Amino acid sequence: MNKTSPLKSILDKIHDPDLRSEIEASIDRHTRELKLSQQEMRSEIEKHKLTLAALKANERKFRDIFEGVSDLLLCHDLEGRITDANPAWKKVCGYESDEWRGMNIRDLLPEDLAPEFPEYLRRIKRKGAAAGLMRIKDRAGHEHMLEYKTSLAYDGSGVPTGVRGSGRDITEEIAAKAALKESERRLSALLNAITEAAVLFDCNGIVLAANQIACKRLGKSLQELMGACIFDFFSPEVAARLWSTAKRVMETGLPVREEDRREGRIFDNHWFPIPKADGSVRQIAVFAMDITDTRRAENERIRAEKLESLRMLAAGIAHDFNNLLTGVLGFLELASMSGDGGPALSDHLEKAKANCRRAVHLTQRFLTLSKGAAPCKQKGSLAPIVRDYSSLVLAGSPVSFQLHVDENLWPVAFDEVQIADVLTAVLTNAQEAMPGGGTIEIAVRNTLLDPEKAPTSHYNPRVRYVTIQVQDKGIGIPPEHIPKLFDPYFSTKSRGTQKGMGLGLATSYAVIRNHSGFIDVQSVVDGGTTITIHLPADSETPLEFLSGSTLRQAPDHGTPSHPAAVSRCGKILIMDDEEMILDILKQMLTLSGYESVTAGNGEEAIRLFEGAKNRGEPFDAVLLDLTVRGGMGGKETIEALLKIDPGTKAIVSSGYVEDPLVQDYRKFGFSAAASKPYDIKNLQRILEGVLAQPSDRSTTPRNT
């Protein structure tokens, strides 16, 4: 059965068709309007649902921000009661979330700040905002310094409902700033305590710190320097040089020390890199000491010491040569008074010659000191010469010696004559230090020396040395005298005594230096002295002479021996610019059985030599002086003579025995070398050796 709706039942009771149509139309219209209204309501409900969801999402979002932000966020009412706070606040203050309820900000303030809280509330109500610094206490009673900003919060009608604000705990920052300020104060005090200019700057040259000396030197205040580029305060040339040094420090990460000269001043600059954690350079500290006055004073001191050494040297030379000349002149005077000749005349002349030989030996010592006569080295053991000269020097004295020599002693390349002089000087001093007698300990040992302990000089020290150690038990040497021990004629003995006037140790120093060695002195007053001579071991040098040997007068080291069958006859050309020397040489050669012709310079010698060769009467040998005043000397002359006759036998003569040409005479085409002054016996040996050499006319010796 169909159910009839109430509305239809009502309409069925209306019999007027027009009215019923009107009512049905009205019902349809209201039904449609109702449906439309329902649709709009459902749409609004959906919108409200979306809005509510968005509000909840935003609330969650802002709550997450509120909860997660590192700044301190706080809300309180107009009386100061806390209504909300984020975990950052809770963490600083040490309270749990439920403990916030009912607390007032005033409860967090230290006692000295609590009375000022009402004024804070009045100010924020009056101005709508507040900002500044605030101290609060955490739950444990520790104080924190906060930097805060707060403002009023309003409801929809614009009525203030509370206060919201943010803050930042700057307690550690303030402590760090205080520590930094204290550090800067200490750095400033330290920099100003330094007696030299000090500047700290970064890798761009920006000044970070400087002391008052640096400000004064640059003519700027500290305020003008701070934050400025240090290189802007110098001339472009100086700035470029300093910047180059700064870059070297930054690139290498190593400190640099350099001497800087500018505007007539001398600065000793020390550059120190300050590294980062990764090792790269972060900053550079420069300390600049003005050493101008110190350097001048040092130069004056050195000059004074040199003048004192020169004074001592001049006095010593005058003393020694006066003694020698007194002997020469005295014995010559006695010889001239011995008119009838005989043994007395010969004795006086021999004694005069002996004094002349002593003068020659003294001159050779001066040459060794002046430029360092090059040693004529021969490879061998030091043990025999140490043993022989120890016995010789100490013979007849109350001082004995004990010698200790290492087995398998390393060979050394040395000049026997020069090392003999060194041993004589050192042993003589040791003997004189023990006037009451005693025993000198002498040791010759192989020594491996740490390169860092060897002298860092231009003498090229080696690791392997053979040392000669001479230890006495004498009076010792005061510490202040040791640095002057090797000065010529330095002595603590009184002037005028023979012991107080000498060149022994000074010459010894020069000799050992020329052997690429060094001397070490250790002494204790009243406890004895130990002198250690270090000579480089030579395990590779061949046994023959290491350089061209100069034929010497005495002893005869380096003088060749020749058969006695060689007769003294021949024709010799002599070239020298001194008439006296030509006269002496001519008479010496005549007495030796030679014919001689003299020339005053190289040009004359060449003319005489070429003329004799063209006549078929060539010279058997030529004796050429190395240096001729105002004319051609021996080097140029031999070059010309060898072109005329490649087989020329030539002897170079000079008073400068350290000259490279004399030391290496064969390289320049000479057959031998003879040093001045001449000794007739030595001259005879040299001539015999040269004339005994075979002539080679087919080749020309190498010239330089």
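Trainee: What is the mean pLDDT of the chain?

Mentor: The mean pLDDT of this predicted model is 78, and 78% of the residues in the chain reach 70 or more.

Trainee: Where does the pLDDT stay under 50?

Mentor: Residues 456-462 stay under 50, and the model gives them six contacts beyond four places in sequence. The pLDDT is also below 50 over residues 697-704, a stretch with 23 contacts beyond near neighbours in sequence. Where pLDDT is low, the predicted coordinates should not be read in detail.

Trainee: Let us turn to the interior. Which residues have the most contacts inside the largest nonpolar core?

Mentor: They are Leu-382, Ile-419 and Ile-533, in a core of 34 residues. Several helices and strands each supply at least two residues of this core, including helix H12 (383-394), helix H13 (416-432) and strand E17 (528-536). H13 gives the largest share, namely seven residues.

Trainee: And Ile-419, which residues does it touch?

Mentor: Leaving aside residues up to four places away in sequence, Ile-419 touches Leu-382, Ile-385, Phe-414, Val-511, Ile-512, His-515 and Leu-535. Another core lies apart from the largest one; it has 26 residues, among them Leu-72, Cys-93, Ile-105 and Leu-152.

Trainee: Back to H12, please. How many residues does it have, and what distance does it reach?

Mentor: H12 has 12 residues and reaches 17 Å from its first C-alpha to its last, close to the 16 Å expected at 1.5 Å a residue.

Trainee: Which of the residues in H12 are buried?

Mentor: Ala-383, Ile-385, Val-386, Ser-390, Val-393 and Leu-394 are buried. These residues lie on the same side of H12, because they cover an arc of only 160° around the axis.

Trainee: What do the buried residues of H12 pack against?

Mentor: They pack against strand E12 (399-405), E13, H13, E14 and E15. H12 itself is followed by Gly-396, which has a positive phi near 80°.

Trainee: A new topic: strand E1. Is it mostly covered or mostly uncovered?

Mentor: E1, residues 72-76, is mostly covered, with four of its five residues buried.

Trainee: Which strands pair with E1?

Mentor: Strand E5 (residues 160-169) pairs with E1 in the antiparallel sense over five bridges, and Gly-167 in E5 is the bridge partner of Leu-72. Strand E2 (residues 82-85) pairs with E1 in the antiparallel sense over three bridges, and there Ile-82 is the bridge partner of His-76.

Trainee: How many residues lie between E1 and E2?

Mentor: Five residues lie between these strands, which form a hairpin. Gly-80 in the turn has a positive phi of about 100°.

Definitions and conventions:
Residues numbered from 1 in each chain as written. Predicted model: local features only at pLDDT ≥ 70, side-chain atom pairs only at ≥ 80, totals over all residues. Heavy atoms only, no water. pLDDT = per-residue confidence, 0-100. Contact = heavy atoms within 4.5 Å. Core = buried A, V, L, I, M, F, W, Y, C linked by side-chain atoms within 4.5 Å. Buried < 20%, exposed > 50% of the residue type's maximum accessible area, 1.4 Å probe, protein only. Expected span 1.5 Å × (residues − 1). Arc of directions from axis to C-beta. Pairing = 2+ DSSP bridges.
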